[in-house]
Amino acid sequence: MNKATLPRRAEEHGVPDPFPHMHPTLKQNYGNWAWHDRPRPGVLHHVANGGDEIWTVRAGTQRQMGVHTIRKLCEIADEFADGHMRFTTRSNVEFMVTAADKTAPLIKRLNDEGFPVGGTGNSLSMISHTQGWLHCDIPGTDASGVVKALMDELHHEFTHEEMPNRVRMTTSCCQINCGGQGDIAINVQYTRPPKINHDLVANVCERPAVVARCPVAAIRPAMVNGKPSLEIDEKKCMCCGACYPPCPPMQINGPESTKLAVWVGGKHSNARSKPTFHKLVVAGLPNNPPRWPEVAEVVKSILYAYKEDARAWERMGEWIERIGWPRFFEMTGLAFTKHHIDNWHGGRSALNASAHIHF
Amino acid sequence: MSKQPHDTPLLDELEQGPWPSFVTGLKKLASDEGKPYANMMTDLLGQLEHSYETRTGYWKGGTVSVFGYGGGVIPRFSEVAEDYPESSEFHTLRIQPPAGMHYSTDLLRKMCDIWEEHGSGLIALHGQSGDIMFQGCTTENVQKSFDALNEIGLYMGGAGPALRTSMSCVGHARCEQSCYDDVRAHRMIVNGLIDEMHRPALPYKFKFKFSGCPNDCVNAIHRSDFAIIGTWRDDMQVDQEKVKEHVAKVGRKQMIDTVIAHCPTRALSLNDDDTLDVDNGSCVRCMHCINVMTKALSPGKDRGVTILMGGKRSLKIGDQMGTVVIPFMPLESDEDFETLNELAETVIDFFAENALEHERVGETITRIGLANFLSAIDVEVDPNMVNHPRTSSYIRTDDWDEEAQKWFERKGVAANE
């Protein structure tokens, strides 16, 4: 290959330096902020030690954005926010302005363009989510669609700070749970073992790796119809789908069998209680596009019970810790079943080893 | 000529309602007459509607990369390409954003121009690992897209068994609670280990995440193998006049209910004169009272980081939080940063050599035990690493005196004769 036909060799920039892109007031006061408050939902106000002030207006986006939407955000940033913006980990966009009276026209413009302003303080922020049918190779459901449907229903809770504390929701389109932990998490839960296409396994899958992947050792090599393949001990299989990514001929999904489950009480922050995992409260909800109404009903029943009953600053899990699980199931109208009792390694530590009983 | 749009009655329903609609955005791209991506997005919408109808996904992976790199491109080939040929290849490029996700409109517009020319026009800001996801590219255009993005200063992110793209919170840029320069730490560690991102040779993925304080806004403790959480070890700063103002404003009951009673270690008490009594020795730096009283309270001045390792989601042994490996490391001077960098390199080297295939470092720690892991990376044991000492008696203690001696030597006190 002569030199002219060699592909370009990349510049190893590494993580891009944010300072050329950072709002000048943030750059000037880097590491030198004094305090903040929240003048209204969707607006943060930070004051630097030297007296500089910055108002941040936070708005929700659809995350999956076309160039038209991004250019629209750029227009808004150029007109109102000195040509800068940043994004939060939950795909909210933030515009920084240097005077209080610059927030109202910016908020109006964002609302006029269809971007809800909110997601700060004790509100419901944008639902962190995954790729789903739009782009994932192993999805049980969609991601952007579930989030759009839910955020439509919960729009008021994004634009108002009426919750006891912040609410972080997540969705995940398979049990790997790329969406992460949440106060409320909506995750795919499979209900049947994989269906194996034995014609393809030998050519597509590295069989020992697939056998090793199974958490309950339910997969073993087998000859099927004269071809090397894999078989599953369906009594052992707990339908987690771990074998599906390394071996797509082990189809875990089915239009009816792939269900949704709702989990509650996950928390990343160290504030008050230590970080916690979310806990299963409902499974078996239908995967029902385009608006997943059954999921929305359950989510709303949980969210509004929390809103009604939790004390100021209690996160979802802390509220349940106080009132107890019996009252949680009573208040939300959900069923408590044998499936809620953890039987995975170390699961006994989730059992009540005391005479502490909620009545 | 643009392709005729497919009927999308199910997706159309997601154009209703107050939240911004990704479907409207996709349709706008599909109807961009004369743009190179219009037909691709028309068929993409067709395939997505087909997924909605049949409740099934239709993408499969493959192998696509750019020159000189092992990862960073997520290949997607359609399994229903006969019906939707224009989107038969719809790969994603994972590109690292500026640390803290700060953008100038100039940078965003250049990204849009490039993606309009070579890709689908669809960009996700951001993926769960913190990448800009340029979604929807033909195999042929992957190299061209990357070259153009690299020309404007952007760089490939991680995928597969490799160092992954990292995330840092807004930190020093706009938060008074930030206890270290997380932009500096983020860029130092990831750039120093960048070969591990692009020439994937690790047993499995490895993620660093950087949060400026224990509020952990980037979810580092659970979502990373190596979580660097800002903290402080001297006394919390209290402006007692501002405390009094707060009490006067909200009342004593609310002050007690929302601040004093929520302290997880009972380290707070409200004095009779409405000032705050802080037992700093009992405080665990949870951030709650500082979050409530942002004007009156702030972290102390002797700042640094707590480092936790081994967080991950369920595959394969079950969920794990990261656990404390370094209770406190100062992180202010150049030497402090160098110490952190060396620790990161040590842990990556250990992981590369000792983890089993497809094993995250949290699983390695579970398999070999924290004490062995600490010994391998040359870190001493510390009671801050446990909730409580062991409750099981199944342990050999025949070298107890030697181990105790190490503790007393570290503490600078003579061991009992």
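## The disulfide

A:C205 and A:C247 are joined by a disulfide, with their sulfur atoms 2.1 Å apart. The model in which this bond appears is predicted. A search of the whole structure, over all chains, finds one disulfide. A disulfide is a covalent bond between the sulfur atoms of two cysteines.

The disulfide of A:C205 and A:C247 is right-handed, because the torsion about its S-S bond is about 75°. A:C205 sits in the loop between helix 6 (198-204) and helix 7 (207-213) of chain A, and A:C247 sits in the loop between strand 11 (227-232) and strand 12 (250-251) of chain A, so the pair ties together parts that are 42 residues apart in sequence. A:C205 counts as buried, at 8% relative accessibility. A:C247 is also buried, with a relative accessible area of 0%.

## Cysteines without a bond

Why is A:C174 not bonded to A:C178? The closest cysteine sulfur to that of A:C174 is in A:C178, and the distance of 5.7 Å is too far for a bond; a disulfide needs the sulfur atoms within 2.5 Å. A:C174 is buried, its relative accessible area being 8%.

A similar check can be made in chain B. For the sulfur of B:C169, the closest cysteine sulfur is in B:C217, at 6.2 Å, which is too far for a bond. B:C169 has a relative accessible area of 12% and is buried.

## The interface of chain A and chain B

The contact between the chains takes 114 residues from chain A and 115 residues from chain B. The size of an interface is often given as the accessible area lost when the parts come together. For chain A and chain B, the buried area is about 10100 Å². Carbon and sulfur atoms give 58% of that area.

Charged side chains also pair across this interface, where 10 salt bridges are found between chain A and chain B. A:E94 forms a salt bridge with B:R174, and the closest N and O atoms of this pair are 2.8 Å apart.

## A nonpolar surface patch

Which residues make the nonpolar surface patch of about 290 Å²? The patch is made by A:F336, A:I341 and A:L351.

Of these residues, A:I341 can be placed in the segment after helix 10 (325-332) of chain A. A:I341 has a relative accessible area of 46%, so this residue is partly exposed. Residues in such a patch must have over 30% relative accessible area, and the 46% of A:I341 fits that condition.

Technical notes: Residues are numbered from 1 along each chain as its sequence is written. Chains are lettered from A and ligands numbered from 1 in the order in which they are written. This is a predicted model: local features need pLDDT of at least 70, side-chain atom pairs count only at pLDDT 80 or more; totals for chains, interfaces and linings use all residues. Side-chain values use heavy atoms; hydrogens and water are left out. Patches are made of residues with over 30% relative accessible area and no salt bridge: like charges are joined within 9 Å, nonpolar side chains (Val, Leu, Ile, Met, Phe, Trp, Tyr) within 5 Å. Accessible areas come from the Shrake-Rupley method with a 1.4 Å probe; for residues, only the protein chains shown count as cover. A salt bridge is a side-chain nitrogen of Lys or Arg within 4 Å of a carboxyl oxygen of Asp or Glu. Helices (H or I, at least four residues) and strands (E, at least two) are DSSP runs, numbered from the N terminus. Buried means under 20% relative accessible area, exposed over 50%, partly exposed in between (1.4 Å probe, protein chains only). Contact means heavy atoms within 4.5 Å. Buried area is the accessible area (1.4 Å probe) that two parts lose on being put together, summed over both.
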